[in-house]
Amino acid sequence: MTDYTARRTMMVDTQVRPSDVTKFPIIDAMLSVPREAFVPDRLREAAYIGENLDIGSGRMMLEPRTLAKMLDALDIQPDQVGLDIGCGLGYSTAVLAHLCEFVVAVEDDAGRAEEAQSLLSEHGVDNAAVMAGPLAEGSAKSGPYDIIIVQGGVAEVPAPLLAQLRDGGRIACVFAENALGVVRIGHKIDGVVNWRFSFNASAPVLPGFEKQDVFAL
């Protein structure tokens, strides 16, 4: 029988801590949430490897290091409300729920959204709600949000999503650039989001986050 608790500890000790993620709430969340429960059954044995996981339909689950460093850079406070875009089966939402007061997650596959909500409930995560809908549209009715995190690559961040970020809030995205990618943290000040480089990481671009062609007459 696989000892997932030992694998979880090893993930934190070999992938998270060496990446300069030292905030106790993040370490505690990643030690507490059973990552293997939030992946398709066929991927349970691979749940703790240090690379993005293909969860089907062209979608990836971000590697633990990338997620942890994004959460670290966002500087999340316990009284804040977060928006988790592209939550997959809910792992990132469960981790976020340890750090935030409440998390709204968006998943574009209705079946996956339903399964994520069921898994979150099953594992006692009662401060999160999963909505089904286009990822790029977020969930305006529950906003604005203090924190937005996008679980996949972006070429461009749609304006409707940025509009859901509270003034003073932060957003984390993996920007796909050439063969590599970079994570940037956006800080919203006086209605404008200013992006700052955080670290290198890569992920496939999510649907709705592609570069929008602008036609000039």
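**Overall fold and the surroundings of strand E6**

The protein chain exposes about 10000 Å², and carbon and sulfur atoms supply 52% of this area (Shrake-Rupley method, 1.4 Å probe; for residues, only the protein chains shown count as cover). The model is predicted: local features need pLDDT of at least 70, side-chain atom pairs count only at pLDDT 80 or more, and totals for chains, interfaces and linings use all residues. Residues are numbered from 1 along each chain as its sequence is written, and side-chain values use heavy atoms, without hydrogens and water.

The radius of gyration of the protein chain is 16 Å, which agrees with the value near 17 Å for a compact globule of 217 residues (C-alpha atoms; globule rule 2.2 Å times the number of residues to the power 0.38). Of the 217 residues, 53% are buried (under 20% relative accessible area, 1.4 Å probe, protein chains only). Among contacts (heavy atoms within 4.5 Å) with a separation of 6 or more, 56% come from residues 24 or more positions apart.

The protein chain has 6 helices and 9 strands (DSSP runs numbered from the N terminus; helices are H or I, at least four residues, and strands are E, at least two). Strand E6 spans residues 145-154, and 10 of its 10 residues are buried. Strand E3 (residues 81-85) pairs with E6 in the parallel sense over 4 bridges; pairing requires at least two DSSP bridges between two strands. Here Leu-83 stands opposite Ile-148 of E6. Strand E7 (residues 165-177) also runs parallel to E6, joined by 6 bridges. In E7, Leu-165 is the bridge partner of Tyr-145.

Note on methods
Buried < 20%, exposed > 50% of the residue type's maximum accessible area, 1.4 Å probe, protein only.
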